[in-house]
Amino acid sequence: MRSLVQDLNGERTRPSLRPEERLLLAVVESAYWDLQSPDVNRRSTARGYFLDERAEHTFSFLSICQHFGWSAVSIRDSLQPHLVTPVPERALGVARVLPTRMAVGAR
C-alpha cells in the first residue's frame, strides 16, 4: 500500500497537507498496518479503532474521517476482510473467539 501522504501520480509528498493533517493520516495508516500485524493485541486494538463509533477525540477514526470528508462506512467496507477475521483461539489462550464485528452501519 502506498503511503496515504504520497501523491497518487508519483512518489512526491503532497505539499498541500498541513503538518497536523499529516499526523492524522499517520494515525490512520498506522492502524491500517496494525490490522495486518501478526500480534493479536495490535490487530484487536486496530479493529476497535476502526469500529469505534465515538468521535469525541481528535484522533478517533470518525473525527479524522470528518476532517477529510471521508466516508467511514466506505472505508470500513473496504477493510471488512480485516475487521471480521476472527482471532484464532490458540492465539488468545482461551476457549473463545473475540467478537469481531460491531454495528458499523449506524452513523
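**Figure 1. Packing of helix H1 against helix H3 in the predicted model.** In this predicted model, helix H1, which covers residues 19-35, packs with helix H3, residues 61-68, at an angle of about 135°, and their axes lie 10 Å apart. Angles over 145 degrees would count as roughly antiparallel and those from 65 to 115 as roughly perpendicular, and H1 and H3 are therefore oblique to each other. The crossing that H1 and H3 make is left-handed.

**Figure 2. Residues that bring H1 and H3 into contact.** On the side of H1, the residues that take part are Glu-21, Leu-24, Leu-25, Val-27 and Val-28, and on the side of H3 they meet Ile-64, His-67 and Phe-68. Sorted by class, this contact of H1 with H3 comprises six nonpolar residues, together with one polar and one charged residue.

**Figure 3. Packing of helix H3 with helix H4.** Helix H4 spans residues 72-83, and its axis and that of H3 come within 10 Å and cross at roughly 120°. H3 and H4 are therefore oblique to each other. From H3, the residues Phe-61, Leu-62 and Cys-65 meet Ala-72, Ile-75 and Arg-76 of H4. By class, the contact of H3 with H4 has five nonpolar residues and one charged residue, with no polar ones.

**Figure 4. Ser-71 in the loop between H3 and H4.** The close-up is centred on Ser-71, a residue of the loop that lies between H3 and H4. Is Ser-71 buried, partly exposed or exposed? Buried would require a relative accessible area under 20%, and exposed one over 50%; Ser-71 has a relative accessible area of 32% and is therefore partly exposed. The side chain of Ser-71 also makes a polar contact, at 3.1 Å, with the side chain of Ser-74.

**Figure 5. The chain from which the close-up views are taken.** The chain contains five helices and zero strands, and the order of its elements, read from the N terminus, is α-α-α-α-α. Of the 107 residues in the chain, 33% are buried. Among the contacts in the chain with a separation of 6 or more, 46% are accounted for by residues that stand 24 or more positions apart. Two of the helix pairings in this chain were shown in the views above, namely H1 with H3 and H3 with H4.

Key:
Residues are numbered from 1 along each chain as its sequence is written. This is a predicted model: local features need pLDDT of at least 70, side-chain atom pairs count only at pLDDT 80 or more; totals for chains, interfaces and linings use all residues. Side-chain values use heavy atoms; hydrogens and water are left out. Axes are lines fitted to C-alpha atoms, for helices over the stretch in contact, and angles run from 0 to 180 degrees between N-to-C directions. Helices (H or I, at least four residues) and strands (E, at least two) are DSSP runs, numbered from the N terminus. Angles under 35 degrees count as roughly parallel, over 145 as roughly antiparallel, 65 to 115 as roughly perpendicular and the rest as oblique. A crossing is left-handed if the near helix is turned anticlockwise from the far one by less than a right angle, and right-handed if clockwise. Contact means heavy atoms within 4.5 Å. Ala, Val, Leu, Ile, Met, Phe, Trp, Tyr, Cys and Pro count as nonpolar, Asp, Glu, Lys and Arg as charged, and the others, Gly among them, as polar. Buried means under 20% relative accessible area, exposed over 50%, partly exposed in between (1.4 Å probe, protein chains only). A polar contact is a pair of N or O atoms within 3.5 Å; within protein, one must be able to donate a hydrogen and the other to accept it, and residues adjacent in sequence count only if both atoms are side-chain atoms.
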